[in-house]
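The following report concerns the strands of one protein model and the way they are joined into a sheet. Please view the sequence and the structure together while reading.

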Amino acid sequence: MSQQTLIAPSLLSADFGRLTDEVRAIERAGADLAHLDVMDGRFVPNITFGPAVVAAMKRSTALPLDVHLMIVEPERHIDAFVAAGADRVSVHAETCPHLHRTLQQIRRAGAMPAVALNPSTPLCMVEEVLGEVGMVLVMSVNPGFGGQAFIESALDKIRRLRAMADARGLSIDIEVDGGVSDKNASLLLSAGANVLVAGSYVFGQSDYAAAIASLRA
Ligand code: DX5
Ligand code: ZN
C-alpha cells in the first residue's frame, strides 16, 4: 500500500520571532503539514512552547497542524492542544503507561492519534495499538533538538513497520523525524515512510520551496 507523500517542515528551526510569517512561508512553499515540536524540559532537555503558540499558528495558516508532544503525562494537555487547533497529535510511547486510553482521548478530542517511538524503542511498543492510530512517528534522532545527525537504523525500522501494517491491512501514515534531508528522503520513502519531517534542512535554506520540492523528488 502506498500512502500519499507529505512534507512536514518542523518550525523548531524557524525564526521564533517571526513564527506566524514562517508558517505562512512554508505554506506558500508547498508544505503539506506544519510540524510543531512541544518540549517540556523533562521528557527531553529542551523547552519550546504550549497551546497558545499552536493557536497562533492555527490563526495564521490553513496547513494542518502536526503536533509532536515530547512531554511527560501528555494526557493532561491533549485536550488543550486539540482545542488550540492540532489536527494530528503524536504522543511518545515512552511517556504513556496507558497508551491505548491516551490514543482514544486524542481521537475523542477530534484529532488524528499518533504514536512516536524513540530510536531505542522497539516496534513492539506500538504493535498492540496499531489499529488505533492514524500515524506512527519513527524518530531518527534522539528527540530534543534540531540539526542532529540521522540515525541509520531508522531505515530498517520503517521497513519492518510498513510490513507489519501491510500484513494487517492497515494504511497508516509512517512519519520520520530527525536528520531528514535530500540525501536520505528517497531512501526513507522507498522504505515505507510517507510523511517526512524536516527542520534544519528546510529552514537552513533561503528557498523553502526548492528545499521542500527536493524532498519529494
Ligand atoms: C527533534 C524534533 C524534530 C526536529 C527535527 O526532537 O522532533 O522535529 O525539528 O529537526 P531536524 O530536521 O533538523 O533534524
Ligand atoms: Zn518533531
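Two strands are said to pair if DSSP finds at least two bridges between them, the strands (E, at least two residues) and helices (H or I, at least four) being DSSP runs numbered from the N terminus. The model is a predicted one, in which local features need pLDDT of at least 70, side-chain atom pairs count only at pLDDT 80 or more, and totals for chains, interfaces and linings use all residues. Residues are numbered from 1 along each chain as its sequence is written, chains are lettered from A and ligands numbered from 1 in the order in which they are written, and side-chain values use heavy atoms, with hydrogens and water left out.

Eight strands make up an open sheet with parallel pairing, in the order 1-8-7-6-5-4-3-2. Strand 1 and strand 2 (34-39) lie at the edges with a single partner strand each, so one side of each has no neighbour in the sheet.

| Strands | Bridges | Residues opposite each other |
|---|---|---|
| 1 (residues 6-9) and 8, parallel | four bridges | Ala 8 and Val 197 |
| 7 (residues 173-177) and 8, parallel | three bridges | Glu 175 and Val 195 |
| 3 (residues 65-70) and 4 (residues 88-92), parallel | four bridges | Leu 69 and Val 91 |

In a regular strand the side chains alternate between the two faces of the sheet. In strand 8 (residues 195-198), Val 195 and Val 197 point one way, Leu 196 and Ala 198 point the other way, and all are buried, that is, under 20% relative accessible area with a 1.4 Å probe and protein chains only.

Note on methods
Buried < 20%, exposed > 50% of the residue type's maximum accessible area, 1.4 Å probe, protein only.
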